[in-house]
Amino acid sequence: MSTETDWVYRVDEPHGSAGWRPYGDHPERWRGTVTTDDAKEDAEYVAALVVTDLVSEWDRQGSVQKHVRVIVWEDEEGAGPEDAVFTVEIRPSIGGE
């Protein structure tokens with residue numbers, strides 16, 4: 001019995017009145033699949049991996065924190081957060097801290 005699960009993720013950024021669009025200059029970098037084989041490695045775990053990667057990249061580039069959302073689906077990508085298993089939105093600190 002296989003316990004593997006495919007988690008599909010995408011990172012989006014706000015795009016004014018147009019809603020959301022894929023994040024960054026190379027959006028394919030922030031869209032993919034993570035396969036897990038442990039029940040503890042769920043959609044929230046996958047989102048945490050992606051957020052860690054994002055923050056590391058921002059630190060390496062000396063960038064400020066961006067406003068993004070990470071959407072995670074099970075098995076295949078859906079339309080948006082409405083059909084996702086887990087969504088987390090990250091917003092930059094307004095107070096500068």
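A pocket, as I use the word here, is an open set of grid points with protein on both sides within 12 Å along at least five of seven lines, and its lining residues have an atom within 4 Å of a point.

**Entry 1: the pocket**

I started with the largest pocket of this predicted model. I found Y23, G24, D25, H26, R29, W30, E57, Q61 and K66 along its lining. How does that lining divide by residue type? I noted two nonpolar, three polar and four charged residues. For the space inside the largest pocket, I wrote down about 160 Å³. A reminder to myself: rolling a probe the size of a water molecule over the atoms shows where empty space is left.

**Entry 2: the rings**

Next I looked up aromatic pairs, and the structure holds one. The partners are Y23 and W30, with ring centres 6.0 Å apart and planes at 70 degrees, so I put the pair down as edge-to-face, the label for angles over 60. Are these two residues buried or exposed? Both Y23 and W30 turn out to be buried. I had already met Y23 and W30 in the lining of the largest pocket.

**Entry 3: the whole chain**

Time to step back. I counted one helix and five strands in the protein chain. In what order do they come along the sequence? I read the pattern as β-β-β-α-β-β. The C-alpha trace spans about 50 × 30 × 25 Å along its principal axes. There are 97 residues, and 30% of them count as buried. The chain exposes about 6300 Å², and I noted that carbon and sulfur atoms supply 46% of that area. Then I checked contacts with a separation of 6 or more: residues 24 or more positions apart account for 59% of them.

**Entry 4: T36**

I picked T36, which sits in strand β3, residues 31–36. Why does T36 count as buried? Its relative accessibility is 4%, and the cut-off for buried is under 20%, so T36 qualifies. Leaving out residues up to four places away in sequence, T36 touches T3, E4, T5, W7, E41, Y45 and V46. One of these, V46, is ten residues from T36 in sequence, with 8.8 Å between the two C-alpha atoms.

**Entry 5: two residues of β5**

I moved on to strand β5, where I looked at V88 and I90. V88 has 26% relative accessibility, so I logged V88 as partly exposed. I90 has a relative accessible area of 11%, so I90 goes down as buried. What do they touch, beyond residues up to four places away in sequence? For V88 I listed A47, V51, V68, R69 and V70. For I90 I listed V51, Q65, K66, H67 and V68. I also looked up some distances between C-alpha atoms. V88 and V11 are 77 residues apart along the chain, yet their C-alpha atoms are separated by 9.8 Å. I90 and V50 are 40 residues apart in sequence and 12 Å apart in space.

**Entry 6: a positive phi**

Last stop was D75, in the loop between β4 (68–74) and β5 (86–90). What is unusual to note about phi here? I found phi of D75 near 75 degrees, a positive value in a residue other than glycine. Is D75 buried or exposed? D75 has a relative accessible area of 54%, so I entered D75 as exposed, the cut-off being over 50%.

How values were computed
Residues numbered from 1 in each chain as written. Predicted model: local features only at pLDDT ≥ 70, side-chain atom pairs only at ≥ 80, totals over all residues. Heavy atoms only, no water. 1 Å grid on protein atoms, 1.4 Å probe; cavity = no way out; pocket = protein on both sides within 12 Å on 5 of 7 lines; lining within 4 Å. Points joined across faces, edges and corners; volume = space filled by probe spheres on them. Nonpolar A, V, L, I, M, F, W, Y, C, P; charged D, E, K, R; others polar. Helix = DSSP H or I, 4+ residues; strand = E, 2+ residues; numbered from the N terminus. Buried < 20%, exposed > 50% of the residue type's maximum accessible area, 1.4 Å probe, protein only. Contact = heavy atoms within 4.5 Å. Areas by Shrake-Rupley, 256 points an atom, 1.4 Å probe, with all protein chains shown as cover. Phe/Tyr/Trp six-rings, centres within 6.5 Å; stacked < 30°, edge-to-face > 60°.
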